[in-house]
Amino acid sequence: MRARIVCLGSVGLAVAAVLGGSAAASAQSAATATVTTVVSGLDNPRGLAFGSDGRLYVAEAGHGGPNCAGGTCVGMTSAVSMINIAAGSRQRVVTGLVSVAGSDGTAATGLDGISFVGDALYGIETASSAVVPPSGCPAWLLQAARNQLGRLIVADDEGHWKAIANVGLHDYNWSAMHKNLVPGQFPDANPYGVLALPETRWVVDSGSNTLDRVSQGGEVTVVKFFPNPPSSDAVPTCVARGGDGALYIGELTGGGNAPGASVVWRYAPSTGTLARWATGLTTVTGCGFGRDGQFYATEFSSLGLDHAAPGTGRVVRVPAHSSSPITVVGGLNFPGGFAAGPDGSLYVSNWSILPAHGPAGAPTGSIVRIRLNS
């Protein structure tokens, strides 16, 4: 799925249309789950991760900024926030990250995936510096975009961060040499999800449709390409490691795919084998294993990407080698990231795409907690 990030000219925002006239919808859960809102007022919340301190962190893609051209606005509004679950509050701990969005903040891209190794927080900025135009924004902002877009960053416990690998540019160049894999869309790059492990960092790129390995020294290697679904491309969005040491990757799938076209892939680093592990999913945006050892995925909309609407998102449990995921919670609004809490609850970012300001004049993204009742 192409994810062009520009300052000049029109931009097709694939999800903007579904927000017109959208109304609030409440999450509905099966009898085995209880849903509560932990915190609201988040600015396009995406990836979630628990730190070594047991606290929940969320990547906020931001809402662009004041520098606009051709309906696209750029600014430094993306960030990472630490969530106080008990108090229902949040505190920004990493700031100064590039965000690109529509003029109303819709369909923002910025920092999307986050993951911890010890006290080190890793995050991935979407897009690629290869698609930043030479004009249309102030010079300082263009330079900031070139320095950040597509980068894997690492932040310490004081919020200081640095870029350590240019994943987006590497994948853009790789896809330029493999145009035949997704004709009409390559070259493209949009790194989206990250899994940080002590020995290496893994990134899934929803533009180049690849699984990347990033070495300790910042060297990027394309490990696998995810095959195209019936229409468009795979658009991998999340990666998690199972108890067996394998990586499990969920995919959104590009436009034109019917509900049920998304796949969960299993990649075994020890053998290099990539295989379909489960099928029948729809528009996966987040995934991971719960404390119960079960695999869960957030689905942006059960109607598919082309017909996504508020209140049609859900969290599903995915049995191994299954073709029919089991709904745990429905009625969510464009859910994004996923994380399993130390208490056994599941946490999901809700309203992961939204105009910058709701009726009250503040960001309206939220995080919900799903308690799995026995």
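Which side chain does Glu60 meet in a salt bridge at 3.5 Å, N to O? Select Glu60 and look for Arg92: the side chains of these two form that bridge. As you explore, keep in mind that this is a predicted model.

**Stop 1: Glu60 and its partners**

Keep Glu60 selected and add Arg90. These two also form a salt bridge, and their closest N and O atoms are 4.0 Å apart. Glu60 sits in strand β4 (residues 56-60) and Arg90 in strand β7 (residues 89-102), so this pair ties together parts that are 30 residues apart in sequence. Now color by accessibility if your viewer allows it. Glu60 is buried, with a relative accessible area of 0%. Arg90 is partly exposed at 33%, and Arg92 is partly exposed at 32%. Shared partners join Glu60, Arg90 and Arg92 into one network of salt bridges.

**Stop 2: an open sheet**

Next, show residues 111-117 and 161-166 as cartoon. These are β8 and β11, the edge strands, each pairing on one side only. They belong to an open sheet of 4 strands in the order β8-β9-β10-β11, with antiparallel pairing. In the middle of that order, select β9 (residues 120-125) and β10 (residues 151-155), which pair over 4 bridges. Ile124 stands opposite Leu152 in β10.

Now add residues 139-148. This is helix α1, which lies across β9, β10 and β11 and runs at about 85 degrees to β10. Helix α2 (residues 167-176) packs on the sheet too, touching β9, β10 and β11, but its direction makes about 15 degrees with that of β11.

**Stop 3: the largest nonpolar core**

Select Trp202, Leu211, Leu247, Ile249 and Tyr267. They have the most contacts inside the largest nonpolar core, which has 14 residues. Which strand gives the most to this core? Highlight residues 262-268: this is β18, and β18 gives 3 residues. Then zoom in on Leu211, whose contacts include Trp202, Val223, Phe226 and Tyr267.

**Stop 4: a buried aspartate**

Move to Asp205, in strand β13. Is Asp205 buried or exposed? Asp205 has 0% relative accessibility, so it counts as buried. Show Asn190 as well: its backbone nitrogen lies 2.6 Å from a polar atom of the Asp205 side chain. Among the other residues that Asp205 touches are Tyr192, Thr210 and Pro236.

**Last stop: one more salt bridge**

Finish with Arg241 and Glu199, whose closest N and O atoms are 3.4 Å apart in a salt bridge. Arg241 is in strand β16 and Glu199 in the loop between β12 and β13, 42 residues apart. Arg241 is partly exposed at 38%, and Glu199 is partly exposed at 48%.

Methods. Residues numbered from 1 in each chain as written. Predicted model: local features only at pLDDT ≥ 70, side-chain atom pairs only at ≥ 80, totals over all residues. Heavy atoms only, no water. Core = buried A, V, L, I, M, F, W, Y, C linked by side-chain atoms within 4.5 Å. Buried < 20%, exposed > 50% of the residue type's maximum accessible area, 1.4 Å probe, protein only. Helix = DSSP H or I, 4+ residues; strand = E, 2+ residues; numbered from the N terminus. Contact = heavy atoms within 4.5 Å. Polar contact = N/O pair within 3.5 Å; in protein donor to acceptor, adjacent residues only side chain to side chain. Pairing = 2+ DSSP bridges. Axes fitted to C-alpha atoms, helices over the stretch in contact; angles between N-to-C directions. Lists of a residue's contacts leave out its neighbours within four places in sequence.
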